[in-house]
Structures are given as structure tokens and as C-alpha cells.
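Here is a quick briefing for anyone meeting this structure for the first time. Have a look at the fold, and then we'll walk through its sheets and helices.

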Amino acid sequence: MSPTPIVLGIESSCDETGAGLVRDGRLLGHAIASSMDEHARYGGVVPEIASRAHLHALRPVIQQALDQAGLTLSAVGAVAVTTGPGLSAALQVGLAGAKGLAYALGVPLYGVHHLAGHVAADTLEHGPLPDPCMVLIVSGGHTSLLLVRDLARDSIAHLGDTLDDAAGECFDKVARVFGLPYPGGPAVDRAARAGDPHAVPFPRPLPGSYDFSFSGLKTAAARWAESHTASELPVADGAASLQEAVADVLTRKAVAACLEHGVGTLVVVGGVAANSRVRALAEKRCRAAGLTLRVPPLRLCTDNGAMIAAVGDLLVRAGAEPAPLDVSIDPSAPLEYAALHPNATARVAA
């Protein structure tokens, strides 16, 4: 039998340019370049700035990942790339680069759903996902509760999704009201360390549903901040109380879903999985419920190329069909399968 090929993964859906190399579930090397500092002055990601940054960073990031792994480009046996969801121009940069590499190397190309990449990131630290497992994805633009079986072969069952603002959006927008810097999630986490998480009775949205809605919580936090003068605003207490409300909602629903569906493992992934209170409360509640908790290390929680390579590696080992030559992007693609091979012509015709 021929050895499993080394998969190069490329991620460019937002403000991080990532490249990773994976074979047989093992991470060989990865590198990330972020344009976050360029967006900070605007309080959020500017698509044109992000796409230009990807153009400059893609080639050096791939080389850094290869150097870390002690490999040359000729060792790559397959290329995987994020084809959605994300910023349209940013996705185009990654796909164009991936197509060029796959063609030049004569290797197959796989389109990958960005959120499936976050799920697969955990396999690089903890090994294959249990079948089934419950996955809580918490990122800047998405909050979803998923029942996952074989990530490379089976469809993904959605138990709950974001109805309006995702958890990460809530942190970013409230942080701005509190006078904290962008990105809001890490800033809220830092400020909360000095605050009382029970100081402000912020609401817990949609208690009887597995769906998520953080718009009302965002508004409640903004109204609370507006009731104080800037000099008297107890930012630490507000940050701690906001963080507690978000962590409470996320972990309570995730653990309840595990128990209702008889699933013994909860996997928490995405950028907000790096939040210290989300991690701590998830661990506490999973232990109390007799559940196994899996959370990727911090370096694999935010967007990165290693997670895309991990999906590509799973697809290769599952014998999945590569993407067609006319594969396009889908900036608003729903998460149905890990592989995402949209065709622009077919979407227009439909």
C-alpha cells in the first residue's frame, strides 16, 4: 500500500492566513499570519484589507509551515482549502493559490467547510472523534450545537444555531461599548479577571431551546453601560458578568444536549473556545454530568491552516472525491458536510 499523502491546508476566510501540513492525523507543521492589527483601528475586519493581506502572506506562510515540518513543496500529496463560509475576496485568494499549487504539483484539491475545520482541529490534539460526539462551535460569526458522527463521510446534524448575533459578535460589540480594544473576546476575558461575575444580572437568552441568540444580551449590556458615566463604569464587573452569561448559556445547552441524546463526549471548538470562563465552566459541568470534554489547545482554536489540512487528511483517508476543476467559493455556505465543492455556474443556474 502507498503511504497516505501529506496534505497542505490553506485557510483565508477572514483575517488570518494559515497553512498547515497533516498526514495520518498528525500535525507536521503550521504557520499563521494575522492582519488583525490593521483592522483594529476600524473596530472590525475590513474585507479589502483582509484580502490584500492574504495576497502578501500566503506564500510566506506556506513556506514557514514547510520549513517547520522540514519538508519541501514536492512532498505535498494533496491540497485542501477553505471554500466557505467567509469573506468573498479573502476566500478567493486562498482558493486561487490552492488551485495553482494543486495544478503545478499534479495533486488532488479538496474544498473544505471552514466550520468543519474547527471540528477537525481537535483531532490533531486528541485523536479521532468519538462516533457520535456533540460539538459546540463558538466563533466570531457562528454559534452551533452539532451532532457529529463520521466527519469525513456523514452529514452533520444541527441541533441549534445562531439566530442573530453569535457569541463572538456579542463580545466584540459589547467590548466597544465598554471602551475595550478590538478584538473584543480576549479584551473581555482579560478585564473579567478583576470583576465580579454576579455583579450584573444579565439575561440568559432562549433557555428552552438549543438555538442561540446573543442580540438581547448585547443590548442589555449596552443599556447597562449607558446607565453609567464613562468615568464611573465598572468595566471589570460588566465584563465578568457578560462573560459569565455567555459561558452559562453555551455550556448549559451543550451539556443538556449530550444528556438528551445519550452522547458521552462534548467537543468545544472555535475562537471563543479560547475564553477562560467558557473552558472552565464546560469542564466543571461535564465533570458533574459524567461527560468527557475535549477542547483544542489555544493555538488551534482560532482560524488556522492546520484545521483545514486535518479535514483534507480525513477526506483523503476516507476515499472522498476531490474537488472538480471549476470549484468555486460559497461565502455563506451552510454546514452540511465537511467537504465543500461549490460550483458558481450551478449556483447561478439554480
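In what order do the strands of the open sheet that includes β6 and β10 line up? The order is β8-β7-β6-β9-β10, five strands with mixed pairing. Keep in mind that this is a predicted model. Another open sheet, also of five strands with mixed pairing, has the order β3-β2-β1-β4-β5.

**The sheet with β6 to β10**

- At the edges stand β8 (157-160) and β10 (292-294). Each has a single partner strand, so one side of each is left without a neighbour in the sheet.
- Go from one strand to its neighbour here and you'll find them turned by 25° against each other on average, direction ignored.
- Strand β7 (residues 143-148) and β8 run antiparallel, and three bridges join them.
- Which residue of β8 is the bridge partner of leucine 146? That's histidine 158.
- Helix α9 (residues 235-261) lies across four strands of this sheet: β6 (133-138), β7, β8 and β9 (265-269). Its direction is at about 160° to β6.

**The sheet with β1 to β5**

- The edge strands in this one are β3 (26-34) and β5 (109-113), and each of them pairs on one side only.
- The twist from one strand to the next averages 20°.
- Do β1 and β4 run parallel or antiparallel? Strand β1 (residues 6-11) and strand β4 (residues 76-84) run parallel, with five bridges joining them.
- If you'd like a spot to look at on those two strands, try isoleucine 10, which stands opposite valine 81 in β4.
- Helix α4 (residues 114-121) lies across β1, β4 and β5. Relative to β5, helix α4 runs at about 90°.

**Where α2 meets α3**

- Helix α2 (residues 47-69) and helix α3 (residues 88-105) cross at roughly 30°, and their axes come within 9 Å.
- Is that crossing left-handed or right-handed? For α2 and α3 it is right-handed.
- On the α2 side, the residues that meet α3 are Ser51, His54, Leu55, Leu58 and Ile62. Facing them from α3 are Ala89, Ala90, Val93, Gly97 and Leu101.
- Sorted by class, this contact of α2 with α3 has seven nonpolar residues, three polar ones and no charged ones.

Definitions and conventions:
Residues are numbered from 1 along each chain as its sequence is written. This is a predicted model: local features need pLDDT of at least 70, side-chain atom pairs count only at pLDDT 80 or more; totals for chains, interfaces and linings use all residues. Side-chain values use heavy atoms; hydrogens and water are left out. Two strands pair if DSSP finds at least two bridges between them. Axes are lines fitted to C-alpha atoms, for helices over the stretch in contact, and angles run from 0 to 180 degrees between N-to-C directions. Contact means heavy atoms within 4.5 Å. A crossing is left-handed if the near helix is turned anticlockwise from the far one by less than a right angle, and right-handed if clockwise. Ala, Val, Leu, Ile, Met, Phe, Trp, Tyr, Cys and Pro count as nonpolar, Asp, Glu, Lys and Arg as charged, and the others, Gly among them, as polar.
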